[in-house]
Structures are given as structure tokens and as C-alpha cells.
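This note is addressed to a colleague who is meeting the structure for the first time. The points below take up selected features one by one.

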Amino acid sequence: MVDAGRGSGPRNPGLLINILGPLEGWSGEEQLVFGGQVQKRILATLLLDPGRVIPAARLAEAAWGEEPPTTVAHQVRKAIADLRRRMPQGASVILTDGAGYRVKLGEGQLDLLEFHGLTRTASRSLREGRPAQAAEALRAALALWRGPALMGVGGPVVDAAATALEDRRLAAADQLFELRLLLGESSELIAELRTLISGHPLRETLRGHLMLALYRSGRQAEALEEYGRVRDLLVERLGVDPSPQLAELHTGILRGNPALALPESSAPREFPDALHASLSAPAPLAPPCTLPPGLSDFTGRDRELTELLGHLRKGSRAGGGPCAHLVAIDGMGGAGKTSLAVHAAHLLAGEYPDGQLAVDLRGFTPGETPVEPSTALDMLLRALGVPADRIPDELEGRTGLWRSALGDHRLLLLLDNAANADQIRPLLPTTSGCLVLTTSRARLVDLDGAEWVSVGLLSPEESTSLMAETLSPERLRAEPEAAAELAELCGHLPLALRIATARLRNRPRWTIRYLVERLRDETRRLDELRSGERSVAATLQLSYLAMDERHRTAFRLLGLHPGMIFDVHSAAALLGTGAKDAEDLLETLLDVHMVQQPGIGLYTFHDLVRSFSQDLGGSAADGAAASQAFERLLSYYVTTTDAACELISSGRASRPSGLEPYTGARPVFPDKDAATEWFAREHSGLLATVTLAGRQAHDRHTVALTRNLNFLLHSRGQFDMLWNLGHLAVSAARRLGDPGLLCVALSNLGSACWKLGRFEEGLAAAEEGRDIARRQGDRHTEAHSEANMGLLLSELGRYREALPLVERAIVLAADLGSTRSEAENLTVLSTLYERWGRHTEAADAALRAMETSRANGYRSNEIMALADLAFARVGLGEYEEAGQLLKCARELCGETTGPGDSGLVHALSAKVAHLLGDDAAAREFAGSALVLARSSGTQIRLVKVENLVGDLHFDWREYAVARKLYAHAHTMAASMRFRPEDASALLGLARVAEAFGETHLAVEHRAEAASLLAFMEVPQPVRG
């Protein structure tokens, strides 16, 4: 019998180790004890590859899996030493070799080596035409097995190897049954085959041997029943039909094909010619079908499948045309093109009754060269039943025979994994009744007449569905948030998702969250997305190697872009080419799905492709080229943002950066709107670039870019980022030892500190910048720094110190002709006067600021000047005029207006509407003011807005709402030492406490407010 194992025990007087069954060792008549599971797993791993050096890390993985001890290297050495002690002359059996270990055993000392030797003997006998001797060698090889290999040792590494050994055993058993059938056996095989099939019910070759043995034993009905059983089982478990070979055998048995009968003599004899023919070699009895089986867990792709089937069915209905209908699927590696194509082909198989043929053209197969068209045609002609001696040698002859052999047949042809159009053209039928379906990673634009279906990424819903199919719905329901993040980290790429879920299946104790945490490390993500021989990195490597060197270089350099999206101009800067050449390179990369296109003229990497590109670009050979490319990108961004800022911030003082301007291609900005739009589009890329520049000590570029990004970050309310970049620029300027750049960086940092309520820090930065500017004779920066100092002192309630600084800054700005700075400083002066209760002076300063801003097109400052003037008019009791001013301010507010500034305008609009008796409008303005201020990222605006809106709710007797707003404003203002607004919040809390009858609390709040007001020297009538 095939599975009849020999008894345990020694076969030679020396050392003998058996692994084809439970692990056992013998020294003569004495059985060896190898120790615990750790020792057994380490020994088993060494024995699986006798003579080969196994790294200590691999032995550790075999012993402890994913959770090795902290002293793993010591524990491995300890286990090796223990094993050596447990076997005779163990030091000469287990050898240390470099950083690993190997075992040294002869064929008579290890059953695995003996098994391999006997199967080699069988193969040699077959080549020499001696099937009986081959059968005897296979019987002896299989007799070595005592049960499942390494049974009881356990561990993922050993289990995987044991599974591979089981496949070898089954292959040997399969071959032995085939030989025994050839040598005339039949009925004596049935019981052995049934026993083996019970453990491997889906192995179709064994079922075929059983069907033939039953048929030759005169049990035709049972043979046919066996086919029915396996067909039902395959459909139930895998959703596929039996293979064409098994279906053909079934048809032959059904029809009593004489070619299936017993050989003429059942006596063992030599059949050298028979070994070159099939056991059953009748003429084709059914239309050929070589489609691979579909995936039982295929899911999603509804849109692509609908589109694809629409094209295919259109082709199936077409007639009379000069050529076959051609549909081409393209997509990045791992997107599931083949799975989709095979699924669609099986769905349409019935519409092509003359056959369904598939050829893997191996355009992107690891370790393989693409299949030549001549070789593919040979495969196709043989599948049609054309005898080998009729197939011409040359390509043209095979193409002609292929097309004539098809005649008017209706046949479906799947050409999978094509490298290029040249590989496909000779295989195309010329009859309109045929349908050709191709898949390729590249869009084969030279394939005339093709209809295209591009396979992209899965939707989040499709990713969830795929994970549920390949993992389990229960595990996804238990961790829905982690599952969603897993899909994101896998980039919604089917291959990555299948690998991830396979790892989770193989690690049942792992949670989805645990794998997510491992995948969050972008530097290791591609390493994690590996399971067995499947790997996302290997899949991408094939696409990369298929490109020429010029495109490979471009791919590596583009991976250096720190942003998510880049355009032709930034790509040209990285590549060191013109814009046209860069676009050509990008479009080629787009055709082969190595980049994606989220919008016209814009490009991006899939997350996993970006990681792959960056891994490639990290080589030492690319170091100099990468550094030069990044410097070109920095130069491009500095020069382009300079040009954009000149349009957006007209009147901004020019600052020498010490950098040469970029001379390559740049976008042209016809007006301010175009420059603003470019800034918005490049926003994330610019931030990522300047952050990376700071980390890599590109100091001049860091300072220059940070200054140019001020506008963008102010308009978006990203003040935390502005503060971070401010510190980055200050550090860069200090490293450079450039006082001119340092005082500019300090001045900008002071502005960021003001927005975030870091008044003391901002004051220190502005003062240092002012002092440096004075020593350098830089009056522009001196004026800006003094204005910042006055503003920050004003927020701190130090009005007497602030006033002369602001006034001096206004004079300096006017002397220097810096109208923008003059207008901005006038609004600061207006705010200071308004807080001090000097409303007339506040109105005068705001009016001058408004007129200057309006005359010079300083829109954002005009909005604030209008708001300041409205505040002053309210203080003067001129509510109608204040309302008109605020209406103008609201009309000017747009997408580039900071939400905090808009929120302040709306809050004051609410106050004025209330004062004018329109509480409906007041409530609407109050609501929008809070929404805007809370989304602004600037606490100083939010505090002011909450105090203003709190006053309204107090007037509306909604005391609980008012208290909540005042309390929050007080907490924030106190933490910032924002004394003016803290005093307002405390007075509001006092009024609310009085309304609730909480007299003691009201007294406390009023006392705190009075202390602050006294510190600020606010006149008594203004204190409220």
C-alpha cells in the first residue's frame, strides 16, 4: 500500500533520525530524547534543510514564532548545545557555520535524504524507460512515511515545511498510482486510492486514478458516480467545476472510449513509448477549456465587472466584422486584474461554446521571461488538438495555422499578464465570433481596436467585503475601526488586503489592531505585507524592472517629493528636465500604473508605491543624485512662492535670501487669483517640503520658504503650523549665523505667537528681532518688530508701553513707503485706543487704515479696519453707521479670509443687530460667529467672539448659555494673560452670578476684573 509505513526503529547501527512522521532519533538500539519543544523545533528546522546553513534568526522564529524571548540569541545557543549533548558526537552532527548552524548527515542517517534519493532513482528509471523499477523505488520511498511529517513538533515554520513535504509525498503517490495503472493494475488500487482521497478530497488527479481503476474493474457506474461526487464537492467548496482533464476522462468513461481499456498484458513490462503519451489519449471529446479556476472568495468590483461584461457581451453578439472583439484590462500590480478577467470569462463561458483558452504570457512573473508569441501559439494549437508534427516552426506559420484552425469558431481567449502589445498581436484571431480578453500592468496603447477597462483600487465598502470573505465577518464586526484603518494602510489594494488577512488567519491570536499598529510604521510596511511567496514589494519590483533605466531613475527621484500630490513643474525640478520632458516621463509612468492622476496636470503615488520608491531611492548610489534633486525642488519652490507672494502681498518688503533663483520652468501667474489658487493646490506639498528642509539643514531655503508660507498659513488659520515653522526658521537662521535672516524669522515667529495667544514668548522673539534689526540698520524689520511688540503688549494689557511702540512703527512704515505695514499698524493702534475707551482716536486710526488698505488693494487688512471702525462707532453710539461698515466687511470676506477674522466680523454684526433691535439677525450672526471662530485655530479671536456672543445671551436672559461662554473665554484668556478679554469675561460672569442671585460669587468676579482693569489703567467709565 502507498501509505503503509515501516515500523519505528533503527535501520543502521549508527545515528539515525526520522522526520517523515513523528520526530525520532536512534543511536543503535537506543532511542534518543531531544528535549522540549524549543529543542525539537530547532532540530526539525535544521533537518528540513540538511547541509544548508540556517541563520540563528530563522531558528528563533521556528522556536518562538512572533514572540521570541529578550535573550533570544543566548536561548538559541543554549538549545543547540543541549541538542549536541543529547546525540552521539553531536558536535560533528550540528555544526556552527558563521551566523548560523547546519546539520551534517548521510543518506542512511536521515529518512528525508533517503526519500529524496529514492524519488530521484524513480525519475531516472522513468527517463530510461523502466517503469517497473520506477514503481519499486516510489514504493520504497513512500514506505518511509510513518504519518504526517514532524507530527507534534508544531510552530508556523515547521508546520509550513511539513505541509510542503506532504505535497511531495502526495506527488510521489500520484506518480506511483499512474505507473501501477500503466503496468496493468486496477481493482487492487481502489481501496488504497479511497483511503488517500479521504484525506485529500479535492485532489483531482487522485480522483481520476480512482475513476480509471473503477472503470477498468468493470465498475463504470461507480466511476461515473465518483465524478459526480467530486464535481459537487468542488462547486460547494470552491465554486469551480472539475478540470478539463477530469471532465474529458468522465466523457471517455461515459462513452466507453477504448483508449481507456486495460493495457494488453497486465504483466510487468517496459513501456518506453507509453511514457510519452497520456494514459487516455483519445481525440478531444469536448470543447477545450484551459481557464484557471476562479476565486471562491471573489467579491466587489461591481462597476468594473459590469463595464467588462458589457464590452464582452457586445463582442459575443457582434458578427460579420473583420476581427475578434478585443477588451483589455489594465491596472497596477496587485489590483486583481487576473481575478476579474477569470471571473468574467467563467461567467461568459457558455456564450463561447467552441472553447475557452487561457495563456499566462508571464509579462510580470517573478524569475520568468515573457512567453514568446511563437511559444504561446504552440500552446494554443495543441489545446485545439493540432498534432505536434503539424505545427510549423516559424512564427508566421503558427499565426496562420492558428487563425485558419479557428475558422468560424466561437471561442473565448484570455491572454493574461501581457508585457506589451507585440506579444499579443500574433495571437489575435481574425474571426468576429471570437472574444479576446487581455490583462496587463501597462495600458497597451498600441493595441488598436481595443476597448479598455482600468482596474483601480477598491472602494472602502469593497475592501470591507473582501476582508470579510478572506478573514471572517465576525472578526471584522469585533474591530470595525481597526478593520477600516487596515484597509487604509493597505491602500485598498486587493493583493495587500489578501496578504494582510492571510497573516491574520495564520496568527489567530493577533488582533486586527495589532497588525494595524505594525503597519503604521511606513518604513516597515512593505516588509509586513508579505506572506509566503506573495509580497507587495515583489509585485511592484516586477513593474519597476520592466521599465527602462531612464524611467526607473525618474520613478526613484519622484519618490523624493515630500508631498502627496505634485505637478509637472515640481516633477521637472526633481528630475532636472524641462516641463515637456517631465510630462512625457510622468505619462509613461501613468500608463504602467506606477503613478496615478488625481486631476489634470497633477500626479500622485499610491501609498505603497511611494514607500517602494522611497526604499529604492535610499540606496547609497542614489545619495548624491537625490540630494541634488531635492535642492532643485527647494530652489523651485522658493522662487515660485516669491513670485506668488509678490502678487498676493503687494507692497511686501523684498528680503535677500542669499539663494540663486531657480532658472527652470515655472508656472506663470497672470493675476493674484491664479497665485492664490496655486498656493492652495500646493499647500500640503509646500508644508512637507519646508519641514523636510529644516530637518535636513537646508537652512536658507527653510527661512525663505517659511516667510513665503506666512500668507498661506494665516489665511487657512493654521497657526500651530505657523508657530512650528517659525521655530524651524529661527533655528535655521541661528545655524547660518545670518542676523538679517534671523531678525526676519524672529519677527514672523512673534506674529505666530500672537495668533496662538503665546504673548510672552512672542514679545521676547519680537524684541530680539527688533534689537538685531537696529544693529543691522534694517528699518523694515525694525518697524515690523516694534509693531509686533506693541500688539503683544496691548494684548497683555500693557497699554502705556504699547502705545509709543505702535506709533513709532506707523511713522517708520510711512517713512519707508511701506503702506501695507502702515495700514496694519493703524488697525493695531485703533484696537488699543478702543480698549482704552478712547473711541474717537480709535475711529480716526481705523479710518486711516481702511482708506490706505482700500487704495492699495489690501483686502484682508481692509476687513479688519472696517471691523475696528465699527467697534469705535459702537463705542460712540453710532449703531447705524457701524451696521453699514460691517455689511461692507462681510461682503469682502471670502475664501482667503481667515475664519477667525470672519468670526469676529459676524460677532460684532450680531451685537450691532441687537442694538438696532433686530434680534433674529443677531441670533443668526451669533451662531455663525461661533462656528467660524471655533474653526479658526486662533484662540485670541475665539475669546473675543465668545465674550461678544455671551453679552448677547445675557441680554436675552439666557444666563446659563452666557455663563458657559464667559467661563470658557475666562479660562483661555487667563492662560494667555490676555488681560483685556479676561476682564470682559470676568465682568460677564459677575453679571450672570448676580442674575442667579449668587452675590458672593459676583463680588469675587468683579474684584478680579477690577484688579485687571487697574493694571491696564483703563479709565473708570470704561470698566463697566
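**Notes on the predicted model**

1. Helix α24, which spans residues 549-558, is mostly covered, with seven of its ten residues buried. The buried residues of α24 are His-551, Arg-552, Ala-554, Phe-555, Arg-556, Leu-557 and Leu-558. The reader should keep in mind that the model is a predicted one.

2. Arg-552 also takes part in an arrangement with an aromatic ring: Arg-552 lies over the face of Tyr-544, at 5.7 Å from the ring centre. Another arginine placed over a ring is Arg-991, whose charged end sits over Phe-954 at 5.4 Å from the ring centre.

3. Aromatic pairs deserve a separate point. Searching the whole structure gives 16 aromatic pairs. One of them joins Tyr-636 and Tyr-637; the ring centres are 5.2 Å apart and the planes stand at 45°, so the pair is tilted. Tyr-636 has 0% relative accessibility and therefore counts as buried. Tyr-637, with 0% relative accessibility, likewise counts as buried.

4. A further pair is formed by Phe-759 and Phe-978. The centres of these rings lie 5.4 Å apart and the planes are at 75°, so the pair is edge-to-face. This pair links distant parts of the chain, 219 residues apart: Phe-759 belongs to helix α33 (residues 759-776), while Phe-978 is in the loop between α43 (959-976) and α44 (979-995). Phe-759 and Phe-978 are both buried.

5. Which residues do ring pairs link into a cluster together with Tyr-636 and Tyr-637? The other members of the cluster are Tyr-662, Phe-669, Trp-678 and Phe-679.

6. On internal space, the count comes to one cavity of 30 Å³ or more. The volume of the largest cavity is about 30 Å³. Its lining consists of Val-703, Thr-706, Arg-707, Ala-729, Val-744, Ala-745 and Asn-748. The elements that contribute two or more residues to this lining are α30 (699-716) and α32 (739-756). By class, the lining of the largest cavity comprises four nonpolar residues, two polar residues and one charged residue.

7. Helix α32 also contains Leu-742. Leu-742 has a relative accessibility of 10% and so counts as buried. Apart from neighbours within four places in sequence, Leu-742 is in contact with Val-730, Ala-733, Arg-734, Glu-768 and Ile-772. Leu-742 and Ser-404 are 338 residues apart along the chain, and their C-alpha atoms are separated by 81 Å.

8. Ala-733, one of the contacts of Leu-742, serves as a point of reference for another residue, Gln-596: the C-alpha atoms of Gln-596 and Ala-733 are separated by 38 Å, with their positions 137 residues apart along the chain. Gln-596 lies in strand β15 (residues 596-599). Is Gln-596 buried or partly exposed? Its relative accessibility is 27%, so Gln-596 counts as partly exposed. Neighbours within four places in sequence aside, Gln-596 is in contact with Met-332, Leu-457, Leu-590, Leu-602, Tyr-603, Thr-604, Phe-605 and His-606.

9. Two residues call for attention on account of their backbone angles. His-593 is not a glycine, yet has a positive phi of about 65°. His-593 is placed in the loop between α26 (579-591) and β15. At 18% relative accessibility, His-593 counts as buried. Ala-697, again not a glycine, has a positive phi of about 65°. The loop between α29 (672-695) and α30 holds Ala-697. With a relative accessible area of 45%, Ala-697 is partly exposed.

10. The last point concerns Phe-364, in the loop between β8 (356-360) and α14 (373-383). Phe-364 has 10% relative accessibility and therefore counts as buried. Which residues does Phe-364 touch, not counting those up to four places away in sequence? They are Asn-417, Ala-418, Ala-419, Ser-440, Arg-441, Leu-542, Ser-543 and Ala-546. Of these, Ser-440 is 76 residues from Phe-364 in sequence and 8.5 Å from Phe-364 in space, C-alpha to C-alpha.

Definitions and conventions:
Residues numbered from 1 in each chain as written. Predicted model: local features only at pLDDT ≥ 70, side-chain atom pairs only at ≥ 80, totals over all residues. Heavy atoms only, no water. Phe/Tyr/Trp six-rings, centres within 6.5 Å; stacked < 30°, edge-to-face > 60°. Buried < 20%, exposed > 50% of the residue type's maximum accessible area, 1.4 Å probe, protein only. Helix = DSSP H or I, 4+ residues; strand = E, 2+ residues; numbered from the N terminus. Lys NZ or Arg CZ within 6 Å of the ring centre and 35° of its normal. 1 Å grid on protein atoms, 1.4 Å probe; cavity = no way out; pocket = protein on both sides within 12 Å on 5 of 7 lines; lining within 4 Å. Points joined across faces, edges and corners; volume = space filled by probe spheres on them. Nonpolar A, V, L, I, M, F, W, Y, C, P; charged D, E, K, R; others polar. Contact = heavy atoms within 4.5 Å.
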